[in-house]
Amino acid sequence: MTRLLLTAVVLLASIGAAEAGTMTFDSTSQTTANLAEGYTYTEDGVKMTIRAEAAAFYDHLGMGTRPLYFHGSTDIYDIDDYVQFEATTGGSFDLVGFDLLTNDYSNRWIQTSKMSTPLMDTVANGGLGGPKTTTSYTFSGSDYTGISWVRIGTAHHATQLDNIEISTTAVPLPSAAFL
């Protein structure tokens, strides 16, 4: 009886426990070498996949950290160039925030697994805009919680990302004592 009670207490205490992960790119040994499309990088519970024409771990715009730099094709209306982030668990997560720096063009976009189309252009239109200084974004609301992926993209212009933070909710498997 004591073992069953202890198992129940441990299970109940861990249900709903939030786990945060932040990707800073500090642990990579890669430098300015171009990262091929499809390249993946994992850090602190966050998985990144490159889907952009050009990308590198390089501070091209002066962020002052070791960010991810990427840009798209020559078509300024193309939305096929992006970076995708997921939880390494493969489960759902909440997007907490990230830092963004651009070369001042306002065509950066964001899309989550809950959005049918990306939010484009200016912040007023729901997009990310094109901040010329490092800007920290935080997210809340149903489009950013319980998602399976988030994409951040650009139609063409230089973009840098750092400190991508997600939060997952750990839901443990039932204990054998309950089966």
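Reader: Before we start on S8, what does buried mean here?
Author: Buried means under 20% relative accessible area. Keep in mind that this is a predicted model.

Reader: Fine. Which residues cover the two faces of S8?
Author: Arg108, Ile110 and Thr112 sit on one side, Trp109 and Gln111 on the other. Every one of these is buried, so both faces of S8 are covered.

Reader: Is the strand as a whole enclosed or open?
Author: Largely enclosed by the rest of the structure, because five of its five residues are buried.

Reader: Where does S8 sit in its sheet, at an edge or in between?
Author: The sheet is open and has five strands, in the order S2-S3-S6-S10-S8. Its pairing is antiparallel. S8 is an edge strand, and so is S2 (40-43). Each of those two pairs on one side only. On average, neighbouring strands in the sheet are turned by 20° against each other, direction ignored.

Reader: How many bridges join S8 to S10?
Author: Five, and the two strands run antiparallel. Arg108, for instance, has Thr154 of S10 as its bridge partner.

Reader: And how many between S6 and S10?
Author: Four bridges. S6 covers residues 82-87, S10 covers residues 150-154, and they too run antiparallel. Val83 is bridged to Ile152 in S10.

Reader: Back to Ile110. What does it touch farther along the chain?
Author: Leaving out residues up to four places away in sequence, its contacts include Leu95, Phe98, Met115, Pro118 and Leu119. Leu128, Phe139, Tyr144, Val150 and Ile152 are also among them.

Reader: Which residues touch the most other members of the largest nonpolar core?
Author: Ile110 is one of them, along with Met48, Leu68, Phe85 and Phe98. That core has 31 residues. Among the elements giving two or more residues to the core are S6, S10, strand S7 (94-102) and strand S11 (159-170).

Reader: New topic: Leu128. Where is it?
Author: In the loop between strand S8 (108-112) and strand S9 (135-138).

Reader: Buried or exposed?
Author: Leu128 is buried, because its relative accessible area is 2% and the cut-off is under 20%.

Reader: What does Leu128 touch, sequence neighbours aside?
Author: Not counting residues up to four places away, its contacts include Arg108, Trp109 and Ile110. Phe98, Leu100, Tyr137, Phe139 and Ile152 are on that list as well.

Reader: And what separates the C-alpha atoms of Leu128 and Asn107?
Author: 7.7 Å, with the two residues 21 apart along the chain.

Definitions and conventions: Residues numbered from 1 in each chain as written. Predicted model: local features only at pLDDT ≥ 70, side-chain atom pairs only at ≥ 80, totals over all residues. Heavy atoms only, no water. Buried < 20%, exposed > 50% of the residue type's maximum accessible area, 1.4 Å probe, protein only. Contact = heavy atoms within 4.5 Å. Pairing = 2+ DSSP bridges. Axes fitted to C-alpha atoms, helices over the stretch in contact; angles between N-to-C directions. Core = buried A, V, L, I, M, F, W, Y, C linked by side-chain atoms within 4.5 Å.
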